[in-house]
Amino acid sequence: MNNIKKKITYSYVILSTFSTVLLCILVFFLFRSNNQYYFLKRLEDRAKIVASIHFQKDPEKIKYYKQLKKNGLEELIQEEDFVLKVNSQNTFEYNTKLNLPNEFYTNVLKNGKESFEIDNKYYLGQIFTENGQKYIVIIAAVDRKGHLTTVYISRIMILGIAIFLIISFFLGRLLAKKVIIPVSNIAKEVKRISASNLSRRLQNDGHTGEIADLTSTFNDMLDRLETSFEIQTNFINNASHELKTPITTIIAEAEIMLLKDREKEEYITSLENIYRQASKLGSLTESLLKLTQTGYDGTKQVQNVVRMDDLLFEVKTDLDTFFPDNKVSIKLDISAKDSNYLSIPCNKNLLELAINNIVANGVKYSDNKEVFVNLSATKDTIKIVISDIGIGIPSEDIPHLYEPFFRGKEASKYIGYGLGLPLAMKIIRMHNGELQIQSEKDKGTIVTILFKKTNIKNSNVNS
């Protein structure tokens, strides 16, 4: 956090100082331009008076203009005036006291007025005409007042920038502290949360905006972690219980048979019991392994490009073996020309297992009544709808359907481990599909599996 505070402080100081320096530079040039403008206006007034003195033939008027220049106008430093007669368009009488560039005279003749500055001394040249004769009147003076005020304000700005730099440093630290405190508090609270107290949540403390969003995001993450830990704990407990029962039965049956010699029929009965428990244990172990397998990276699982209609018919063939009397009917809601939309890159074995589990649930929980499987496809989606008229699912059980080993009150009357639906959900999600379940108790269940073509991953083998 200290590094972040320093970065915020230094960033604030740099940005504030940079903007202040830019403002001071702008003010300096505007102030200097303003001084130049008004000083040149004063030189223009003197040029008019000098021209009037030069043109007058009446001694009294000449005396009046000289008095006006001396007493009516503010005295200038090193003031000089020159009147140069213009002989032709590009020639004039030159004064050796003037050391001005040729461009100055050219611009005066061309534009009627021009100014020039060197070493803080300003020269203003202006054309005047008297009785058809043109004259160049040049007034020169030093703008000491403008120079002093410019130097003064420059020093004030430099001092102000230095003071502002110090102030901005402390303001930057204050800002950094104010910004970091809520984040620092969140970090401290998060450090106090561990696997043993995942129920704790971060307090908002009246914050709004990004801090409130950050707090909410952490709390949402903690909700998911807490749920995940609870599911994991329940999974381990239930798995231990489900595995322990058949193992205990097998061990107990074997110990009883080994206590003394038995009749042949007793051995057969005992072996049949051991076989049932071992088969149960094998099925349960296989389901757990497949459930674990679906946790791998989905890109590593994609192996085949399969037509969904072929996969459904293979599922039907498997069901006919385990449920010979099943009433599963498959309907293809797709035209012949659109049949190429049915192909999907997938892990064929896992996806077949997922759909098999869902359809088998429909058969089992409907007591072998009709189960309808409808397949439709477009260029954008593949949709499978599996519906039955079985016992349905109570509303209170629906939020827990994807928890391993969870079995509702009605479902517990049927043989099963509560792994089929969580396994199917993980496999379908692994293929970037969506699984939706709609159900009502005693009225049946509708399961919708949707694969969007934009989400379907490319196969890692040639189709």
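Select glutamine 78, which sits in strand β1; strands here are DSSP runs of E with at least two residues, helices are runs of H or I with at least four, and both are numbered from the N terminus. Glutamine 78 is not a glycine, yet its phi is positive, at about 50 degrees. The model is predicted, so local features are given only at pLDDT of at least 70 and side-chain atom pairs only at pLDDT 80 or more, while totals for chains, interfaces and linings use all residues. Residues are numbered from 1 along each chain as its sequence is written, and side-chain values use heavy atoms, with hydrogens and water left out.

Extend the selection to the sheet around β1. It is an open sheet of 4 strands in the order β1-β4-β3-β2, with antiparallel pairing; two strands pair if DSSP finds at least two bridges between them. β1 (77–85) and β2 (113–118) are the edge strands, each with a single partner, so one side of each has no neighbour in the sheet. Direction ignored, neighbouring strands of this sheet are turned by 15 degrees against each other on average; axes are lines fitted to C-alpha atoms, for helices over the stretch in contact, and angles run from 0 to 180 degrees between N-to-C directions.

Show β1 together with β4 (residues 133–142): the two pair in the antiparallel sense over 7 bridges. Within this pair, aspartate 81 stands opposite isoleucine 139 of β4. Now add helix α3 (residues 102–111), which packs on the sheet and touches β1, β2, β3 (121–130) and β4. The direction of α3 makes about 160 degrees with that of β2. Contact means heavy atoms within 4.5 Å.

Move to the second sheet, an open one of 5 strands in the order β6-β8-β9-β11-β10, with mixed pairing. β6 and β10 stand at its edges with a single partner strand each, so one side of each is left without a neighbour in the sheet. The twist from one strand to the next averages 15 degrees. At the β6 edge, β6 pairs with β8 (residues 370–377) in the parallel sense over 7 bridges, and serine 329 stands opposite phenylalanine 372 in β8.

At the β10 edge, select α10, which lies across β10 and β11 (444–452) and runs at about 145 degrees to β10. In the loop between α10 (420–430) and β10 is asparagine 432. Asparagine 432 has a positive phi of about 60 degrees although it is not a glycine.

Next, pick serine 439 in β10 (residues 433–440). A polar atom of its side chain lies 2.7 Å from the backbone nitrogen of isoleucine 393. The side chain of serine 439 also reaches the backbone oxygen of glycine 444, at 3.1 Å. Neighbours within four places in sequence aside, serine 439 is in contact with Gly392, Ile393, Ile398, Gly444 and Thr445.

Finish at the cavity, a set of points on a 1 Å grid over the protein atoms alone where a 1.4 Å probe fits but cannot get out, with lining residues having an atom within 4 Å of a point. The count is 1 cavity of 30 Å³ or more, and the largest cavity has a volume of about 30 Å³, taken as the space filled by probe spheres set on the points, which are joined across faces, edges and corners. To see its lining, select Leu312, Val315, Lys316, Leu319, Val328, Ile330, Val359 and Val373. The elements giving two or more residues to this lining are α8 (308–322) and β6 (327–333), and α8 has the largest share, 4 residues. The lining divides into 7 nonpolar residues, no polar and 1 charged, where Ala, Val, Leu, Ile, Met, Phe, Trp, Tyr, Cys and Pro count as nonpolar, Asp, Glu, Lys and Arg as charged, and the others, Gly among them, as polar.

Notes. On a 1 Å grid over the protein atoms alone, a cavity is a set of points where a 1.4 Å probe fits but cannot get out, and a pocket is an open set with protein on both sides within 12 Å along at least five of seven lines; lining residues have an atom within 4 Å of a point. A polar contact is a pair of N or O atoms within 3.5 Å; within protein, one must be able to donate a hydrogen and the other to accept it, and residues adjacent in sequence count only if both atoms are side-chain atoms.
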